[in-house]
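Colleague: I am new to this model and would like to understand one part of it well. Please pick a single sheet, take me through it slowly, and then show me what lies around it.

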Amino acid sequence: MAKIKNKSPVLFFYNNSKKWLAKISKNESFHTHIGILKHADAIGKEYGSRLITNKDKYVYLLEPTMYDYAMKIQHGTQIVYPKDIGYIITRAGIGDGQKILEIGTGSGSLTSFVASVVKPRGHVYTFDVDEKFMQIAEKNIKKAGVSKYVTQHNLDLKTAKKIHLEDMDVALIDLGDPWVVIPQVRQMLKGSGCIFAICPTMNQLEKLTMALVENEFTDIESTEHIIRNIEAREGKTRHSFQGIGHTTYLCFARKAFFGRTAKSTETAKTTTIKPVKKAVKTTKTVKKTKTVKKSTKKSA
Ligand SMILES: C[S@@+](CC[C@H](N)C(=O)[O-])C[C@H]1O[C@@H](n2cnc3c(N)ncnc32)[C@H](O)[C@@H]1O
């Protein structure tokens, strides 16, 4: 039986729109419209039990899942939602032991989910150009308890000359112009390795698909994933009026060898869309250098 202790993570659940994620701290309490919730009252209780507030409302003490962390994440940027992450993980066959390349860490929502799936033997190598977002992501990744399986790099892949990553199983791209990094990503992926790009608009899908074909990718597929909530009640079950509208489209593809020329594969570059030329930034990791070195060595 899993009992709640001081420092245990707990989702205080009142209903779907009123829930609070917290790490138990015995002297803390918080005030809500349904009354006061004292952390100390949760200590010693089994996950799943309930508390009664001073306004006589029941609040359930649930063990948080990755979904709860993702939905409560601090948003520095637009994030990838669980509805899309589920498809990304299954379509790309992401699992324990895999090496994942991610471009555009953002708030670290996708990073945390994927790290929780590739652990304990796999690793996520994630890149972002913006240090402010990297710090937000670092906190979110830590909250989700997967820091050990993530290495953050402050680097612009569009301009980086050498990146010591190879044989990546999957590459995840979430930036405005994903087609620009396709040649670089191709070099880091293993043969038949998967790409997923997060594209909020159809114009991005078009440009990206052109670059994927140009760079010898196959099994190209663009999809949209929509969740419809149902309000199930006796005698009056119907679609909910609430729900998320459009979030993004997803573009999937796999690295292939078209055999256009004898050495076509690794030297292939998109001719139509060239990488933007900017000053090359030096790699800087948010994590401790020791950890970064260790994981990079392991994977190379
Ligand atoms: C929409 S956010 C990513 C959100 C993330 N997938 C999540 O679930 O939290 C896009 C991120 O890409 C980063 N970015 C933009 N251009 C980049 C580049 N050339 N290299 C690396 N990161 C870049 C931005 O700084 C931003 O943090």
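Modeller: Gladly, and let me begin with a term we will need: two strands count as paired if DSSP finds at least two bridges between them. Please keep in mind that this is a predicted model. The protein has 300 residues, with 33% of them buried, and its chain forms eight helices and 15 strands.

The part I have picked is an open sheet of seven strands, with the order β9-β8-β7-β10-β11-β15-β12 and mixed pairing. Its edge strands are β9, residues 150–154, and β12, and each of these pairs on one side only. Going from one strand to the next, the twist averages 15°.

Let us start at the β12 end. Strand β12 covers residues 217–224 and runs antiparallel to β15, with six bridges joining the two. One place to find this pairing is E224, whose bridge partner in β15 is Y249. On to the next pair: strand β15, residues 249–255, is also joined by six bridges to strand β11, residues 189–199, and these two run antiparallel as well. Here you can look for I195, which stands opposite A253 in β15.

Now cross to the β9 end. Strands β8 and β9 run parallel and are joined by five bridges. Within this pair, Y125 has T151 in β9 as its bridge partner. Helix α4, residues 131–143, packs on the sheet here, touching both β8 and β9, and its direction makes about 170° with that of β9.

From the strands we can turn to the nonpolar packing. The largest nonpolar core has 57 residues, and I100, V114, A171, I173, V185 and I195 have the most contacts inside it. Strand β11 gives the most to this core, with seven residues. You have already met I195, the residue opposite A253 in β15. Another of the well-connected residues, V114, touches I94, I100 and V124, leaving out residues up to four places away in sequence. There is also a second, separate core of eight residues, including L37, A42, V59 and L61.

V114 also brings us to helix α3, where V114 is one of the buried residues, alongside others such as L110, F113 and V118. This helix is mostly covered, with nine of its ten residues buried.

Between α3 and β8 there is a loop, and G122 is found in it. Is G122 buried or exposed? G122 has 20 C-beta neighbours inside 10 Å, so it counts as buried. Setting aside neighbours within four places in sequence, G122 is in contact with D96, G97, Q98, K99, I100 and Y149. Take D96 as an example: G122 and D96 are 26 residues apart in sequence, yet their C-alpha atoms are 5.7 Å apart in space. Across the protein, 67% of the contacts with a separation of 6 or more are between residues 24 or more positions apart.

The same neighbourhood leads to the ligand. Helix α3, residues 109–118, and strand β8, residues 123–128, each supply at least two residues of the shell around the ligand. That shell has 22 residues, of which G104, G106, S107, S109 and D130 come nearest. By class, nine residues of the shell are nonpolar, eight are polar and five are charged.

Three of those nearest residues also appear among the contacts of I79, which touches I73, G106, S107 and S109, again not counting residues up to four places away in sequence. I79 is found in the loop between α1 and α2, and it counts as buried because it has 22 C-beta neighbours inside 10 Å. From C-alpha to C-alpha, I79 is 9.1 Å from T247 in space, although the two are 168 residues apart in sequence.

Finally, here is another sheet to set beside the one you asked about. It is an open sheet of four strands in the order β2-β1-β6-β5, with antiparallel pairing. At its edges stand β2, residues 18–23, and β5, residues 50–52; each has a single partner strand, so one side of each is left without a neighbour in the sheet. The twist here averages 25° from one strand to the next. Inside this sheet, β1, residues 9–15, and β6, residues 58–62, pair over three bridges, and F12 has L61 in β6 as its bridge partner. L61 belongs to the second core mentioned earlier.

Note on methods. Residues are numbered from 1 along each chain as its sequence is written. This is a predicted model: local features need pLDDT of at least 70, side-chain atom pairs count only at pLDDT 80 or more; totals for chains, interfaces and linings use all residues. A residue is near a molecule or strand if its C-beta atom, placed from the backbone, lies within 6 Å of it. Ala, Val, Leu, Ile, Met, Phe, Trp, Tyr, Cys and Pro count as nonpolar, Asp, Glu, Lys and Arg as charged, and the others, Gly among them, as polar. A residue is buried if 20 or more other C-beta atoms lie within 10 Å of its own, exposed if 12 or fewer, and partly exposed in between; C-beta atoms are placed from the backbone. Two residues are in contact if their C-beta atoms, placed from the backbone, lie within 7 Å. A nonpolar core is a set of buried Ala, Val, Leu, Ile, Met, Phe, Trp, Tyr and Cys residues joined through C-beta atoms within 7 Å. Axes are lines fitted to C-alpha atoms, for helices over the stretch in contact, and angles run from 0 to 180 degrees between N-to-C directions.
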